[in-house]
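Subject: Structure handover

Hello,

Please find the structure below, together with its sequence. My notes follow it.

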Amino acid sequence: MQSTSTELVPKQTDRAPMSRFASMLKHIKRDRQLLILFIPCIIFYILFRYGPLYGLIIAFKDYSVYEGIMKSDWVGLKHFQRFFDSPDFWLLFKNTFLLGVFTMLWAFPFPIMFALLLNESRFMRFKKLVQTFSYLPAFLSVVIVTSMIIDFLSPTNGVVNQVLKAMGFNGVYFLAAPEWFRTIFISTEIWQHMGYEAIIYLAAIASIDPTLYEAAKVDGAKRFQMMRYITIPSIMPTILILFIIKSGSIFRIGYEKVLLLYNPMTYEVADVFSTYVYRKGLLETNYSYAAAVGFFEAIVALIMLLISNTVSRRAGGKGLW
């Protein structure tokens with residue numbers, strides 16, 4: 001009897017992997033249409049996110065276009081040391097950090113407040129109209145957005161300066177004034193992304209159990225009280241997750257808008273890591289040095305993501321992992 005029982009054990013363990021494989025095939029067959037739709041996303045990340053990681057090797061080499069990546073000479077941390085010793089390092093670090101933090105402080109709460117206000121509106125036509133107009137800027141390219149900004153802030157015929165002159169003030173060349181650059185950049189970030197990002201919070205609000213509001217009405221709660229004690233706590237996990245994702249991008253400021261808005265007169269407050277990489281890598285063809293700067297930027301962004309995730313888990317019990 002003992003030998004019979006021991007012989008059955010391997011048979012059961014052999015069935016376990018087969019059952020898991022069969023279950024996986026069952027799920028693939030069931031969700032095949034969704035998986036097919038997901039294929040372009042996978043291809044995009046392989047080609048444009050994970051594939052280029054191979055090129056980071058040049059940050060540790062004196063890369064030569066004629067020699068190629070593998071045949072170029074290894075130099076270790078030479079380019080990193082050069083960047084850290086450069087007088088541009090602390091200026092870039094300060095500009096990137098301040099621009100990222102200020103954008104986070106001002107641009108992150110606006111979609112939340114906008115979603116809460118839209119949710120409180122009882123005029124459906126007005127609500128849909130406002131939503132439609134708020135989404136439109138997100139579908140405009142960065143070039144169009146910056147062109148609109150340049151036209152609006154033109155010192156000669158810009159709308160803003162025309163209004164200032166009509167009110168008796170002198171015209172201001174906003175894009176050439178360093179003290180105005182961060183305000184312009186953050187304001188356009190809020191205008192461009194507020195409506196689009198509010199969709200996530202509106203979806204989270206729509207998933208709240210309506211019986212909670214009905215019970216609050218029975219208890220005599222006002223609309224502001226229901227927003228404070230029901231709506232906001234219910235969407236707090238969504239807020240924390242998006243906060244973590246946004247925190248990881250504090251140092252990952254896209255170069256497109258900054259590059260199109262800044263000029264040598266505003267370098268002292270506008271020059272960030274990404275624009276520096278663009279100038280050194282593409283304009284000056286110093287590829288290894290630019291790769292080292294970009295690699296350092298990515299490491300700092302990863303550290304910020306880990307810190308924000310840890311703080312979020314300890315504060316609210318929610319995190320990306």
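A search over the whole structure, which is a predicted model, turns up 30 aromatic pairs. One of them joins phenylalanine 60 and phenylalanine 295 edge-to-face, with 6.0 Å from centre to centre and 75° between the planes. Phenylalanine 60 belongs to the loop between α2 and β1 (61–64), while phenylalanine 295 belongs to helix α15 (residues 287–316), so this pair ties together parts 235 residues apart in sequence. As for exposure, phenylalanine 60 is partly exposed at 24% relative accessibility, and phenylalanine 295 is partly exposed at 24%.

Another edge-to-face pair is made by phenylalanine 89 and tryptophan 90, with centres 5.0 Å apart and planes at 70°. Phenylalanine 89 has a relative accessibility of 8% and counts as buried, because the cut-off for buried is under 20%. Tryptophan 90, at 60%, counts as exposed, because that class begins over 50%.

Both residues also belong to one aromatic cluster, made up of Phe83, Phe84, Phe89, Trp90, Phe93, Phe97, Phe251, Phe273, Tyr276, Tyr289 and Phe296. Tyr289 in that cluster also has a charge over its ring: the charged end of arginine 82 sits there, 4.1 Å from the ring centre. A further case involves lysine 257, whose charged end sits over the ring of phenylalanine 185 at 5.6 Å from the centre.

Next, helix packing. Two packed helices are described by the angle between their axes and the distance between the axes. For helix α10 (residues 210–218) and helix α11 (residues 223–248), the angle is about 145° and the axes are 11 Å apart. The crossing of α10 past α11 is right-handed. On the α10 side the contact is made by Leu212, Tyr213, Ala216 and Lys217, and on the α11 side by Met226, Ile230 and Thr231. Sorted by class, this contact has five nonpolar residues, one polar and one charged.

Helix α11 also holds serine 247. Is serine 247 buried or exposed? With a relative accessibility of 5%, serine 247 counts as buried. Setting aside residues up to four places away in sequence, serine 247 touches Met104, Met304 and Ser308.

Asparagine 95 is a second buried polar residue to look at, with a relative accessible area of 0%. Its place is in helix α4 (residues 88–107). Which residues does asparagine 95 contact, leaving aside its neighbours within four places in sequence? They are Arg182, Tyr267, Glu268, Val269, Ala270, Asp271 and Val272.

Back in α15, that helix also contains glycine 294. Not counting residues up to four places away in sequence, glycine 294 touches Arg252 and Val277. The C-alpha atoms of glycine 294 and alanine 138 are separated by 26 Å, with their positions 156 residues apart along the chain.

The loop between α14 (273–283) and α15 holds threonine 285. Most residues other than glycine have a negative phi. Threonine 285 is not a glycine, yet its phi is positive, at about 55°. Threonine 285 has a relative accessible area of 47% and is partly exposed. From C-alpha to C-alpha, threonine 285 and histidine 27 are 49 Å apart in space, and they are 258 residues apart in sequence.

Last, tyrosine 50, which is found in helix α2 (residues 32–50). Tyrosine 50 is exposed, with a relative accessible area of 56%. Its C-alpha atom is separated by 42 Å from that of arginine 228, and the two residues are 178 residues apart along the chain.

If you open the model, I would start with the aromatic cluster that includes Phe89 and Trp90, then turn to the α10 and α11 packing, and then to the positive phi at threonine 285.

Regards

Methods
Residues are numbered from 1 along each chain as its sequence is written. This is a predicted model: local features need pLDDT of at least 70, side-chain atom pairs count only at pLDDT 80 or more; totals for chains, interfaces and linings use all residues. Side-chain values use heavy atoms; hydrogens and water are left out. Axes are lines fitted to C-alpha atoms, for helices over the stretch in contact, and angles run from 0 to 180 degrees between N-to-C directions. Helices (H or I, at least four residues) and strands (E, at least two) are DSSP runs, numbered from the N terminus. A crossing is left-handed if the near helix is turned anticlockwise from the far one by less than a right angle, and right-handed if clockwise. Contact means heavy atoms within 4.5 Å. Buried means under 20% relative accessible area, exposed over 50%, partly exposed in between (1.4 Å probe, protein chains only). Rings of Phe, Tyr and Trp (its six-membered ring) pair if their centres lie within 6.5 Å; planes under 30 degrees apart count as stacked, over 60 as edge-to-face and the rest as tilted. A charge sits over a ring if NZ of Lys or CZ of Arg is within 6 Å of the ring centre and within 35 degrees of the ring normal.
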